[in-house]
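Please open the model in a viewer and keep the sequence panel visible. The tour moves from the whole chain to its interior and then to single residues.

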Amino acid sequence: MPTGATIEGEVIKVKMAGIDFGKSPAVLETLLGSCVGIAMWDSRMKLGGLAHVVLPDSRGATNLPGKFADTAVVALKRGLLASGASPSSLTAKITGGATMFGQRTNTDIGQKNIDAVTAHLRKHGIRLAGQHVGGETGRIIRFSLDNGSVEIFVARKHVGII
């Protein structure tokens with residue numbers, strides 16, 4: 001369940017390895033590098049959750065479900081369904097997964113996070129509605145629960161909405 005306050009109409013800061021939820025008109029925000037943000041939304045209820053995924057696989061650890069791709073997708077889905085969301089209304093947008101320190105290699109954690117998040121969304125039947133992933137710089141994202149948009153800022157420069 002939520003790791004912080006879920007106050008309507010305010011910006012809710014989601015910390016590294018965290019998950020938080022809210023309802024329109026709240027905005028969920030986080031800072032990402034090689035981590036991946038999963039913004040999950042129910043358009044009918046205008047409910048959403050944001051997870052800050054640090055690693056692709058929990059290997060059975062359950063103490064911080066937002067930290068891992070496999071547990072974050074499950075925790076977001078369960079939290080939204082418990083708040084009245086419909087499974088058929090859930091969509092997700094993902095951001096982040098940057099290669100922060102040089103060239104991509106087979107140990108690139110950013111790409112592994114992207115791949116794991118995408119696979120777990122597919123496994124749980126959640127449609128991927130948009131993505132802004134990869135690259136070599138971090139991002140700040142702002143997830144509006146009013147309309148489901150995710151604003152992306154790179155180096156404090158607004159670069160788009162998905």
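Begin with the whole protein chain of this predicted model, coloured by secondary structure. From the N terminus onward, the elements follow the order β-β-β-β-β-α-β-α-β-β-β-β, which comes to 2 helices and 10 strands. The radius of gyration is 14 Å, close to the 15 Å given by the globule rule for 162 residues, so the chain is as compact as a globular protein of that length. Aligned on the principal axes, the C-alpha atoms fill a box of roughly 45 × 35 × 25 Å.

Next, display the contacts. Among contacts with a separation of 6 or more, 60% join residues 24 or more positions apart.

Then switch to the surface. The accessible surface of the protein chain comes to about 7,800 Å², and carbon and sulfur atoms account for 54% of that area. Colouring by charge shows 19 positive and 12 negative charges, whose mean positions are 3 Å apart.

**The interior**

Hide the surface and turn to the buried residues, which make up 49% of the 162 residues of the protein chain. Select Ile38, Met40, Val117 and Leu121: these have the most contacts inside the largest nonpolar core, a set of 23 residues. At least two residues of this core come from each of β2 (19-23), β4 (36-42), β5 (47-53), α1 (69-82), β6 (90-96) and α2. Which element gives the most to this core? Select α1, which supplies 6 residues. For the second, separate core, select Ala17, Ala26, Leu32 and Val154, which are included among its 17 residues.

**Asn113**

Go to helix α2 (residues 109-123) and select Asn113. Is this residue buried or exposed? Asn113 has a relative accessible area of 0% and is therefore buried. Leaving out residues up to four places away in sequence, Asn113 touches Ser34, Cys35, Val36, Val53, Val54, Leu55 and Pro56.

**His52**

Select His52 in strand β5. His52 counts as buried because its relative accessibility is 2%, under the 20% cut-off. With residues up to four places away in sequence set aside, the contacts of His52 include Val14, Lys15, Met16, Ala17 and Gly18. Thr30, Leu31, Leu32, Cys35 and Val36 also touch His52, as do Gly66 and Lys67.

**His132**

Move to strand β7 (residues 127-133), the place of His132. At 27% relative accessibility, His132 counts as partly exposed, since this class lies between 20% and 50%. Not counting residues up to four places away in sequence, His132 touches Ile94, Thr95, Gly96, Arg139, Ile152, Val159 and Ile162. For a distance check, pick the C-alpha atoms of His132 and Ile109: the two residues are 23 apart in sequence, and the C-alpha atoms are 16 Å apart in space.

**Ser86**

Finish in the loop between α1 and β6 by selecting Ser86. Where does Ser86 fall, buried or exposed? Ser86 is buried, because its relative accessible area is 16% and the limit for buried is under 20%. Beyond residues up to four places away in sequence, Ser86 touches Asp42, Arg44 and Leu81. As a last selection, add Met16: Ser86 and Met16 are 70 residues apart in sequence and 27 Å apart in space, C-alpha to C-alpha.

Methods. Residues are numbered from 1 along each chain as its sequence is written. This is a predicted model: local features need pLDDT of at least 70, side-chain atom pairs count only at pLDDT 80 or more; totals for chains, interfaces and linings use all residues. Side-chain values use heavy atoms; hydrogens and water are left out. Helices (H or I, at least four residues) and strands (E, at least two) are DSSP runs, numbered from the N terminus. The radius of gyration is taken over C-alpha atoms; the globule rule is 2.2 Å times the number of residues to the power 0.38. Buried means under 20% relative accessible area, exposed over 50%, partly exposed in between (1.4 Å probe, protein chains only). Contact means heavy atoms within 4.5 Å. Accessible areas come from the Shrake-Rupley method with a 1.4 Å probe; for residues, only the protein chains shown count as cover. Lys and Arg count as positive and Asp and Glu as negative; His and the chain ends are not counted. The place of a charge is taken as NZ of Lys, CZ of Arg, CG of Asp or CD of Glu. A nonpolar core is a set of buried Ala, Val, Leu, Ile, Met, Phe, Trp, Tyr and Cys residues joined through side-chain atoms within 4.5 Å.
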